Amino acid sequence: MKLRLLLRFRDTDSLVKYLREELDKLSIAKKQLEKGLEAGVLVDIVEIKNGDLIVSRDRITEFNYVLTEINSRIDMINALLEELQSRLGGDNYTGLVLLELIDGIPQRVLLSQPLMLG
């Protein structure tokens, strides 16, 4: 089951700022993960299963898929930012500005028509 979520912003500048902040966070996480993968460090894993808290330890190399997921999210955000820049230029527009997330990954931007130059 996919989790769909819409985030509302007051204008396109707020949306771009949010996307850039998310990109920064992902870039930091990617760098840290890459360092850990190179060193082969151990990580503690805390999970909640059936109401029970389970703590285990494993090598970070078992989590290469996380790096792939981070790269996918970075690519998606970059694509959205490029498309917004090409369509809107550097101008700020107000109106209904929504960001659709599916399972936490930005998928598309919904803009009301007409948008007002802000």
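Which residues of α1 are buried? The points below take up this helix and then the salt bridges of what is a predicted model.

1. The buried residues of α1 are Thr12, Ser14, Leu15, Leu19, Leu23, Leu26, Leu33, Gly36 and Leu37. Their packing partners are β1 (4-11), α2, β4 (93-102) and β5 (105-111).

2. As to its dimensions, helix α1 covers residues 12-39, that is, 28 residues. From first C-alpha to last, α1 reaches 41 Å, which is close to the 40 Å expected at 1.5 Å a residue.

3. The two ends of α1 may be described in turn. At the N-terminal end, aspartate 11 acts as a cap, with a side-chain oxygen 3.4 Å from the backbone nitrogen of aspartate 13. After the helix comes glycine 40, whose phi is positive, near 65°.

4. Aspartate 11 also takes part in a salt bridge, its partner being arginine 10, with the closest N and O atoms 3.1 Å apart. The two residues may be set side by side in terms of burial: aspartate 11 is buried, at a relative accessible area of 6%, whereas arginine 10 is exposed, at 64%. Aspartate 11 thus appears both in this salt bridge and in the N-terminal cap of α1.

5. In total, the structure holds 8 salt bridges. One of the salt bridges joins aspartate 44 to arginine 57, with 2.8 Å between the closest N and O atoms. Aspartate 44 belongs to strand β2 (residues 42-49) and arginine 57 to strand β3 (residues 52-59), so the pair ties together parts that are 13 residues apart in sequence. Arginine 57 is exposed, with a relative accessible area of 56%.

6. Another salt bridge is found within helix α2 (residues 64-88), where glutamate 83 and arginine 87 are 4 residues apart and therefore separated by about one helical turn. Their side chains meet at 2.6 Å, N to O. Glutamate 83 is partly exposed, at 38% relative accessible area, while arginine 87 counts as exposed at 67% relative accessibility.

7. Finally, a network of salt bridges links Arg4, Glu100 and Arg108. For orientation, β1 spans 4-11, β4 spans 93-102 and β5 spans 105-111, and the buried residues of α1 pack against each of these strands as well as against α2.

Conventions: Residues are numbered from 1 along each chain as its sequence is written. This is a predicted model: local features need pLDDT of at least 70, side-chain atom pairs count only at pLDDT 80 or more; totals for chains, interfaces and linings use all residues. Side-chain values use heavy atoms; hydrogens and water are left out. A salt bridge is a side-chain nitrogen of Lys or Arg within 4 Å of a carboxyl oxygen of Asp or Glu. Buried means under 20% relative accessible area, exposed over 50%, partly exposed in between (1.4 Å probe, protein chains only). The expected span of a helix is 1.5 Å times one less than its number of residues. Contact means heavy atoms within 4.5 Å. A polar contact is a pair of N or O atoms within 3.5 Å; within protein, one must be able to donate a hydrogen and the other to accept it, and residues adjacent in sequence count only if both atoms are side-chain atoms.
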